[in-house]
Amino acid sequence: TGRMKWSRGIYDIFDRSPEEGIISMKELKAYTSLEDLYILQSSATDCLVNDIPCDVTVTLLRKDSNNKYIRIVAELKDNDKGKGIISGAVIDITDQLNTNVALKKVSTQYELAVQGGEIGMWELDLKTFEANYNRMWHEMLGYSRDEIEFTGDFFFSLLHPDDKHLPMQALEDYQSGKVKKFDIHIRMLCKEGTYK
């Protein structure tokens, strides 16, 4: 029949009141780009005719330029293809996408700072004891990437004998809450046999 029912949440996403009624597919042209409208129509057809679940993300265009990004997930409610009912949800993912964009920007700035500052970085998974080192870390010590092992054991094998206890003590202090971060000075064995 082409009839639709909306929950209160969908009205809120579209900034409409229930008194204003549901937006028809024709009226949707005012809220989305032609490309997004095509995606919606194709996905709805696939869902209804071919029983393919719908999962699309589209942009809701707003007059104040504060566009919303919504995810629409739906599926055929019964198996009567072409005559069934599509049931689904509309989710406002604007904050999530904006957060992802902001995190990516911060991550890029961080990577540029690390590269420009010639900072050696490492990560250690405390459960698996797998390690990761950036390029500058092993270059400072004179090793090529092929000469290092990505394990905590390799890291500890390069420590000066008098410094081997320092990282573990710092880690214990951090995990117990004695310190919020740790800053330690350790000597590490370079490829040519000296310590830095």
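These legends walk through a predicted model, one view at a time.

**View 1. The whole protein, from end to end.** Let's start with the parts list: the protein has 6 helices and 5 strands. Starting at the N terminus, they come in the order α-α-β-β-β-α-β-β-α-α-α. The C-alpha atoms take up a box of roughly 80 × 40 × 35 Å along the principal axes. How does the radius of gyration compare with that of a compact globule of 196 residues? The protein comes out at 28 Å, while such a globule would be near 16 Å.

**View 2. Surface and inside.** Here we stay with the whole protein and look at what is covered. Of its 196 residues, 26% count as buried. The accessible surface adds up to about 14,000 Å², and carbon and sulfur atoms account for 53% of that. As for contacts, take those between residues at least 6 apart in sequence: 31% of them bring together residues at least 24 apart.

**View 3. An open sheet of 3 strands.** Now zoom in on the sheet, where the strands line up as E1-E2-E3 with antiparallel pairing. Strands E1 and E3 (86-92) each have a single partner strand, so each is left with one side that has no neighbour in the sheet. On average, neighbouring strands here are turned by 20° against each other, ignoring direction. Helix H2, made of residues 34-50, lies across E1, E2 and E3. Relative to E1, H2 runs at about 160°.

**View 4. Following the bridges across the sheet.** Strand E1 covers residues 54-60, and 5 of its 7 residues are buried. E1 is joined by 7 bridges to its antiparallel partner E2, residues 68-76. On the other side of the pairing, 7 bridges join E2 to E3, and these two strands also run antiparallel. Which residue of E2 is the bridge partner of Thr57? Look for Arg71. Carry on from Arg71 into E3 and you'll find Ile91 standing opposite.

**View 5. A cluster of rings.** There are 11 aromatic pairs in the structure. One of them is Tyr133 with Trp137, a stacked pair with 4.0 Å from centre to centre and 15° between the planes. Both partners are tucked away: Tyr133 is buried, with a relative accessible area of 3%, and Trp137 is buried too, at 4%. Phe155 and Phe156 meet edge-to-face instead, with centres 5.4 Å apart and planes at 85°. These two Phe residues are both buried. Step back a little and the ring pairs link up into a cluster made of Trp122, Phe129, Tyr133, Trp137, Phe150, Phe155 and Phe156.

**View 6. Asp173 in helix H6.** The last stop is Asp173, which sits in helix H6, residues 165-176. Is Asp173 buried or exposed? Asp173 has a relative accessible area of 18%, and anything under 20% counts as buried, so Asp173 is buried. Which residues touch Asp173, leaving aside its neighbours within four places in sequence? The contacts are Lys178 and Val179.

Key
Residues are numbered from 1 along each chain as its sequence is written. This is a predicted model: local features need pLDDT of at least 70, side-chain atom pairs count only at pLDDT 80 or more; totals for chains, interfaces and linings use all residues. Side-chain values use heavy atoms; hydrogens and water are left out. Buried means under 20% relative accessible area, exposed over 50%, partly exposed in between (1.4 Å probe, protein chains only). Helices (H or I, at least four residues) and strands (E, at least two) are DSSP runs, numbered from the N terminus. Two strands pair if DSSP finds at least two bridges between them. Rings of Phe, Tyr and Trp (its six-membered ring) pair if their centres lie within 6.5 Å; planes under 30 degrees apart count as stacked, over 60 as edge-to-face and the rest as tilted. Axes are lines fitted to C-alpha atoms, for helices over the stretch in contact, and angles run from 0 to 180 degrees between N-to-C directions. Contact means heavy atoms within 4.5 Å. The radius of gyration is taken over C-alpha atoms; the globule rule is 2.2 Å times the number of residues to the power 0.38. Accessible areas come from the Shrake-Rupley method with a 1.4 Å probe; for residues, only the protein chains shown count as cover.
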